[in-house]
Number of protein chains: 2
Amino acid sequence: MVISPQSLTAEFFRPFGSVIEAGAGPAELINDGRTRKFADLARIEVLDGQPVSLHRYESQPVELPFLLARLECHPLGSQAFMPLHDRPVPLVVAPAGEPPRADNIKAFITNGQQGFCLNPGVWHHDQLSLGRPSAYLVIDRLGAGDNLQVVSLDKELWLQL
Amino acid sequence: MVISPQSLTAEFFRPFGSVIEAGAGPAELINDGRTRKFADLARIEVLDGQPVSLHRYESQPVELPFLLARLECHPLGSQAFMPLHDRPVPLVVAPAGEPPRADNIKAFITNGQQGFCLNPGVWHHDQLSLGRPSAYLVIDRLGAGDNLQVVSLDKELWLQL
């Protein structure tokens, strides 16, 4: 099977989390009028009182078509990814809850300006980049505890544009 | 008085917060070896249990020299700024606690790849940009409560490179 990403929009991504982008809500004017603040685009939920921490990822790109062998989830907290570059980024998700099957997986691709935040427990492929080495700011729960589940997919599923 | 920024480094910024950058600690190899993770570069502390939220700022640049008329602080939580561009950003800070005086203010400038996280209560000028319109991801405490203090400086202080 082959899955092709659709454009990332707040509406279609709502079951999985939030899109971090200008225009997702009204802008507030702050800093003596110099700054438009697009406020509260995503929240970092942590379900067990552990701290919220910031990480930098530096990732090698993948070649397409790319075999999506496994998905993972973090049941104890949200995880947000903000690209520190302006190229489109693919993401592959499935609803929180039961382990995903190849036929309920969705793929999205950003417009080059968007970040995204996954709700706790949302299944997702690990972070993918296209074209060239790419950096990200990642924000999530830190700490010990069982916050990583990984499943292998039941069918061979390839990501292709 | 004129203040000129020094290069932002973890060592000199430690009294005020954390620098968000590659190389601040060892990298962990994740995502089947495709990603170098520079983990736990900064923590978002929230002192009263309110949520952590993500915002996008889009800011107009300032002209130098720039008059630093007021500083502010957020006593109930950290505030992190990650530039979504690769140009140097100035920041102006003073130690948490007593209202700042012009003579205990420090100015830093990023190297174009760094973000920074202010500890709760650290006095700082509002977010400044140079050269052209600039976007940022901002991460901080959300919610009601007295989380903003503003003071006017006791002397005329100008930021200049």
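**Figure 1. Open sheet running from β4(A) to β3(B).** In this predicted model, an open sheet of 7 strands follows the order β4(A)-β5(A)-β6(B)-β14(B)-β9(B)-β12(B)-β3(B), and its pairing is antiparallel. The edges are held by β4 (27-30) of chain A and β3 (17-20) of chain B; each has a single partner strand, so one side of each is left without a neighbour in the sheet. On average, neighbouring strands of this sheet are turned by 25 degrees against each other, direction ignored.

**Figure 2. Pairing of β3(B) with β12(B).** This view shows one end of the sheet in Figure 1, where the edge strand is β3 (17-20) of chain B. β3(B) and β12(B) run antiparallel and are joined by 4 bridges. One of the residues to find here is G17(B), whose bridge partner in β12(B) is L118(B).

**Figure 3. Open sheet running from β3(A) to β4(B).** Here 7 strands make an open sheet, ordered β3(A)-β12(A)-β9(A)-β14(A)-β6(A)-β5(B)-β4(B), with antiparallel pairing. β3 (17-20) of chain A and β4 of chain B are the edge strands, and each pairs on one side only. The average turn between neighbouring strands of this sheet is 25 degrees, direction ignored.

**Figure 4. Strand pairing between the chains, β6(A) with β5(B).** Strand β6 (residues 52-59) of chain A and strand β5 (residues 35-44) of chain B run antiparallel, joined by 7 bridges. S53(A) can serve as a marker in this view: its bridge partner in β5(B) is R43(B). In the strand order of the sheet in Figure 3, β5(B) stands between β6(A) and β4(B).

**Figure 5. Hairpin of β4(B) and β5(B).** Strand β4 (residues 27-30) of chain B pairs with β5(B) in the antiparallel sense, over 4 bridges. L29(B) is placed opposite R36(B) of β5(B). The hairpin has 4 residues between its strands, and N31(B) adopts a positive phi near 55 degrees.

**Figure 6. Relation of the two chains.** Chain A is superposed on chain B by a rotation of 180 degrees with 0.0 Å of shift along its axis, at an RMSD of 0.0 Å. The two copies are thus related as by a two-fold rotation axis. In chain A, the C-alpha nearest the axis belongs to L84(A), 2.8 Å from it. Of the interface residues of chain A, 100% are also interface residues in chain B, so the copies meet through the same surface.

**Figure 7. Largest cavity, in chain B surroundings including β10(B) and β12(B).** The structure holds 3 cavities of 30 Å³ or more. The largest cavity encloses about 110 Å³ of space. It is lined by 13 residues, and those closest to its centre are L91(B), F116(B), H125(B), D126(B) and Q127(B). β10 (90-94) and β12 (115-118) of chain B each contribute at least two residues to the lining of the largest cavity. The largest share, 4 residues, comes from β10(B). By class, this lining comprises 9 nonpolar, 3 polar and 1 charged residues.

**Figure 8. Second largest cavity, with β10(A) and β12(A) in its lining.** About 90 Å³ is the volume of the second largest cavity. Among its 13 lining residues, L91(A), F116(A), H125(A), D126(A) and Q127(A) are the closest to its centre. At least two residues of the lining of the second largest cavity come from each of β10 (90-94) and β12 (115-118) of chain A. β10(A) gives the most, with 4 residues. The lining of the second largest cavity divides into 9 nonpolar, 3 polar and 1 charged residues.

**Figure 9. Cis peptide bonds before P65(A) and P65(B).** Most peptide bonds are trans. The bond from L64(A) to P65(A) is cis, with omega near -5 degrees. P65(A) sits in the loop between β6 and β7 (66-67) of chain A. In chain B, a cis peptide bond joins L64(B) and P65(B), and omega is about -5 degrees. P65(B) is located in the loop between β6 (52-59) and β7 (66-67) of chain B.

**Figure 10. Backbone at D40(A) in strand β5 of chain A.** Most residues other than glycine have a negative phi. D40(A) has a positive phi, near 55 degrees. D40(A) belongs to strand β5 (residues 35-44) of chain A.

Notes: Residues are numbered from 1 along each chain as its sequence is written. Chains are lettered from A and ligands numbered from 1 in the order in which they are written. This is a predicted model: local features need pLDDT of at least 70, side-chain atom pairs count only at pLDDT 80 or more; totals for chains, interfaces and linings use all residues. Side-chain values use heavy atoms; hydrogens and water are left out. On a 1 Å grid over the protein atoms alone, a cavity is a set of points where a 1.4 Å probe fits but cannot get out, and a pocket is an open set with protein on both sides within 12 Å along at least five of seven lines; lining residues have an atom within 4 Å of a point. Grid points are joined across faces, edges and corners, and a volume is the space filled by probe spheres set on the points. Ala, Val, Leu, Ile, Met, Phe, Trp, Tyr, Cys and Pro count as nonpolar, Asp, Glu, Lys and Arg as charged, and the others, Gly among them, as polar. Copies are superposed by least squares on the C-alpha atoms of residues with pLDDT of at least 70 in both. Contact means heavy atoms within 4.5 Å. Two strands pair if DSSP finds at least two bridges between them. Axes are lines fitted to C-alpha atoms, for helices over the stretch in contact, and angles run from 0 to 180 degrees between N-to-C directions.
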